[in-house]
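Hi,

Here is the structure I promised to pass on. Have it open while you read, and I'll go through what turned up.

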Amino acid sequence: MLAFVLQEGPPSLVRNRPYPEPHHGLVRVRTLVAGICNTDLELTRGYMGFRGVLGHEFVGEALDGKFTGKRVVGGINFGCGRCEACAQGLARHCPERRVLGIVAADGALAEEFLIPEANLLEVPATVSDESAAFAEPVAAACEILEQVGAVKDRSVLVIGDGKLGPLVAQVLGSDGASVTLEGRHLEQLGWLRERDIRLASEEGRYDIVVEVTGSREGFARAIRMCRPRGTLVLKTTVGRKHEIDLTPLVINEITVVGSRCGRMQPALERLADGRVNVEPLISVRFSLVDVERAFETAAQRGVRKVLVMAY
Ligand SMILES: [Zn+2]
Ligand SMILES: [Zn+2]
């Protein structure tokens, strides 16, 4: 089968990867649409030392098990099922977890891939394939709500208007936060104003600052923009290490929250009822045979979501 594989050097399209075989609770999913995110780009720069098929943002058709023939999305963390974290439904913190297309598990940028059946959710008929492909990053945005609690009437600054920032802004805004989004490419995001999201770079201090740039400057600015006793949410995983001055966090008693993957169900609900609109965030679509060009495009400045159509 066709698969986009990261080995030594830059990732490449392989044409003779064997089709996966279902086993041990893992079922086959035929990829319909897969998204490329910054984590994928970081993986190609050495983040996590991953080797294998890339891709963790997907909607597909289940080929085995109880969802056979249905459109599905799924949690990307494969827990051991035996540890304390797994018992609490937190496979995403299982110390032995594998992660689709990120840690020791082949991903969705292929014709087919394997995933635990327990991770799958059926996609409601009202959600298009392209929207469903955003379930994973929308879940990552929803994770913030689970971590910081109710955001109603709290002031929020989202720093970074790339692939994830506009999703975070919509998730927090639709839960009642007063959200400002700042970034370098706001001109294409005017439609967010209709959703009561301010697009600006206002000075001032915010109750919650979400850092989505992953850059050193972004971290430094996030610390400056957080009010005393406020919350700073760090939302990007980067291969590089930053040296930053932590003293302002102490002086201002800022709570720092690292935030990664979230549950899929709240994400699907928000995509289904329109609280999160993702279609204007699609920059370009490629077919799986052009996945190498898709990756090059996704790495360009100002490009938001690149989708890979696998059918
Ligand atoms: Zn991602
Ligand atoms: Zn576990």
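Below is a tour of the main things found, part by part. One caution before you start: this is a predicted model.

**The zinc site**

I'd start with the metal. Which residues hold the zinc ion (ligand 1)? The protein donors are Cys37 through SG, His56 through NE2 and Glu57 through OE, and they lie 2.1 to 2.4 Å from the ion. Written as a sequence pattern, the spacing of these donor residues is C-x18-H-E. Cys37 sits in the loop between strand 3 (26-36) and helix 1 (38-44), while Glu57 belongs to strand 5 (residues 57-62), so this pair ties together parts that are 20 residues apart in sequence.

Are Cys37 and Glu57 buried or exposed? Cys37 counts as buried because its relative accessibility is 9%. Glu57 is buried too, with a relative accessible area of 1%.

**The small antiparallel sheet**

Next, look at the N-terminal strands. Three strands make an open, antiparallel sheet in the order 2-1-4. Its edges are strand 2 (12-14) and strand 4 (52-53), each of which pairs on one side only. Strand 1 (residues 3-6) is joined to strand 4 by two bridges, in the antiparallel sense. If you want a spot to click on, Val5 has Val53 of strand 4 as its bridge partner.

**The parallel sheet**

There is also an open sheet of six strands, paired in parallel and ordered 14-13-12-15-16-17. Strand 14 (198-199) and strand 17 (255-258) are the edge strands, pairing on one side only.

Strand 12 is a good place to look inside this sheet. Four of its five residues are buried, so the strand is mostly covered. On one pairing, strand 12 runs parallel to strand 13 over five bridges, with Ser155 partnered by Ser178 in strand 13. Together with helix 5, these two strands make a right-handed β-α-β unit. Strand 12 also pairs in parallel with strand 15 (residues 206-211), this time through four bridges. There, Val158 stands opposite Val210 of strand 15.

Moving out to the edge, strand 13 (residues 178-182) is joined to strand 14 by two bridges, again in parallel. Leu181 has Leu199 in strand 14 as its bridge partner.

What does Ile159 touch? This residue lies in strand 12 (residues 155-159) and counts as buried, since its relative accessibility is 5%. Leaving aside residues up to four places away in sequence, Ile159 contacts Glu182, Val209, Val210, Glu211, Val212, Thr213, Gly218, Arg221 and Ala222. Its C-alpha atom is 9.1 Å from that of Phe219, although the two residues are 60 apart along the chain.

**Helix 8 and what covers it**

Helix 8 has several buried residues: Met264, Pro266, Ala267, Leu268, Arg270 and Leu271. The cover over them includes strand 6 (71-74), strand 11 (120-122), helix 3, helix 4 (135-148) and helix 5 (165-174). Just after helix 8, Gly274 takes a positive phi of about 85 degrees.

Ser131, in helix 3 (residues 129-132), gives you a view of this area from the other side. Ser131 counts as buried because its relative accessibility is 9%. Beyond its sequence neighbours up to four places away, it touches Leu271, Val278 and Glu279; Leu271 is one of the buried residues of helix 8.

**The second largest pocket**

Helix 8 comes up again here. The second largest pocket holds about 610 Å³ of space. It is lined by 26 residues, and those closest to its centre are Asn77, Gly79, Ala91, Ala118 and Asn119. Strand 7 (77-78) and helix 8 (264-272) each supply at least two residues of that lining.

**Strands 18 and 19**

Last stop: strand 18 (residues 282-287) and strand 19 (residues 305-309) run parallel and are joined by five bridges. Ile282 stands opposite Lys305 of strand 19. With helix 9 (residues 291-298) included, strands 18 and 19 make a right-handed β-α-β unit.

If you only have a few minutes, go to the zinc donors Cys37, His56 and Glu57, then to strand 12 and its buried residues.

Cheers

Note on methods. Residues numbered from 1 in each chain as written. Chains lettered and ligands numbered in written order. Predicted model: local features only at pLDDT ≥ 70, side-chain atom pairs only at ≥ 80, totals over all residues. Heavy atoms only, no water. Buried < 20%, exposed > 50% of the residue type's maximum accessible area, 1.4 Å probe, protein only. Contact = heavy atoms within 4.5 Å. Donors = N, O, S within 2.8 Å, 3.2 Å for Na, K, Ca; no water. Pairing = 2+ DSSP bridges. Right-handed = clockwise from strand over helix to strand, strands pointing away. 1 Å grid on protein atoms, 1.4 Å probe; cavity = no way out; pocket = protein on both sides within 12 Å on 5 of 7 lines; lining within 4 Å. Points joined across faces, edges and corners; volume = space filled by probe spheres on them.
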